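The exercises below ask for a careful reading of a model, moving from its interior to its surface. Please keep the sequence and the coordinates at hand while working through each solution.

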Amino acid sequence: QSHPEKVSVEDLEGPALPGLVKRTLESILLEEATEEEEEGHYCPPKTLPIIYAIGGIDSNNCAEPVVKYGADGVAVIRSVMQAEDPGGIVENMIHAMTKN
């Protein structure tokens with residue numbers, strides 16, 4: 001199973017999934033490092049992969065996976081490519097994801 005943290009159909013999608021995957025990976029890496037340290041082995045720090053939210057992302061919902069749930073970013077195609085002003089849409093999304 002590629003995503004052992006998925007236990008129900010509801011876990012297969014949604015804005016919270018990227019953050020859940022990221023936290024699960026962080027937990028696994030921390031546990032592995034702790035085990036190796038306890039065994040007396042040096043464990044160099046491991047880098048987490050960058051986790052993006054994908055699928056159905058637009059300027060109305062792009063901030064939720066990043067700001068609320070901890071994704072590193074979003075992957076967007078349709079809403080940008082079909083926009084009358086693609087650059088403006090991208091600017092709006094960046095602003096939405098970075099405002100405090």
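**Exercise 1.** Which residues of the largest nonpolar core touch the most other members?

*Solution.* The model is a predicted one, which should be kept in mind throughout. The largest nonpolar core holds 13 residues, and those that touch the most other members are Ile57, Cys62, Val66, Val74, Ile89, Met93 and Met97. Turning to the elements behind this core, helix H2 (63–68) and helix H4 (86–98) each supply at least two of its residues, and H4 gives the most, with four residues. As a last step, take Cys62, whose contacts, once neighbours within four places in sequence are set aside, are Ile57, Val74, Met93, Ala96 and Met97.

**Exercise 2.** Decide whether Lys22 is buried or exposed, and list what surrounds its side chain.

*Solution.* Begin with the location, since Lys22 is found in helix H1. Its relative accessibility is 18%, and because buried means under 20%, Lys22 counts as buried. Beyond the neighbours within four places in sequence, Lys22 is in contact with Ile51, Gly70 and Asp72. For Gly70 a specific atom can be named, as its backbone oxygen lies 3.4 Å from a polar atom of the Lys22 side chain.

**Exercise 3.** Identify the residues that make the nonpolar surface patch of about 360 Å², and classify Ile50 as buried or exposed.

*Solution.* The patch is made by Ile50, Tyr52 and Ile54. Ile50 sits in the loop between helix H1 (17–38) and strand S1 (52–54). The relative accessibility of Ile50 is 56%, and because exposed means over 50%, this residue counts as exposed.

**Exercise 4.** Describe the protein chain as a whole: what are its elements, in what order do they come, and how are burial, contacts and surface distributed?

*Solution.* The secondary structure comes to four helices and two strands, and along the sequence these follow the pattern α-β-α-β-α-α. Next comes burial, where 26% of the 100 residues count as buried. For the contacts, consider those with a separation of 6 or more, of which 38% are accounted for by residues 24 or more positions apart. Finally, the chain exposes about 7,400 Å², and carbon and sulfur atoms supply 54% of that area.

Note on methods
Residues are numbered from 1 along each chain as its sequence is written. This is a predicted model: local features need pLDDT of at least 70, side-chain atom pairs count only at pLDDT 80 or more; totals for chains, interfaces and linings use all residues. Side-chain values use heavy atoms; hydrogens and water are left out. Patches are made of residues with over 30% relative accessible area and no salt bridge: like charges are joined within 9 Å, nonpolar side chains (Val, Leu, Ile, Met, Phe, Trp, Tyr) within 5 Å. Accessible areas come from the Shrake-Rupley method with a 1.4 Å probe; for residues, only the protein chains shown count as cover. A salt bridge is a side-chain nitrogen of Lys or Arg within 4 Å of a carboxyl oxygen of Asp or Glu. Buried means under 20% relative accessible area, exposed over 50%, partly exposed in between (1.4 Å probe, protein chains only). A nonpolar core is a set of buried Ala, Val, Leu, Ile, Met, Phe, Trp, Tyr and Cys residues joined through side-chain atoms within 4.5 Å. Contact means heavy atoms within 4.5 Å. A polar contact is a pair of N or O atoms within 3.5 Å; within protein, one must be able to donate a hydrogen and the other to accept it, and residues adjacent in sequence count only if both atoms are side-chain atoms.
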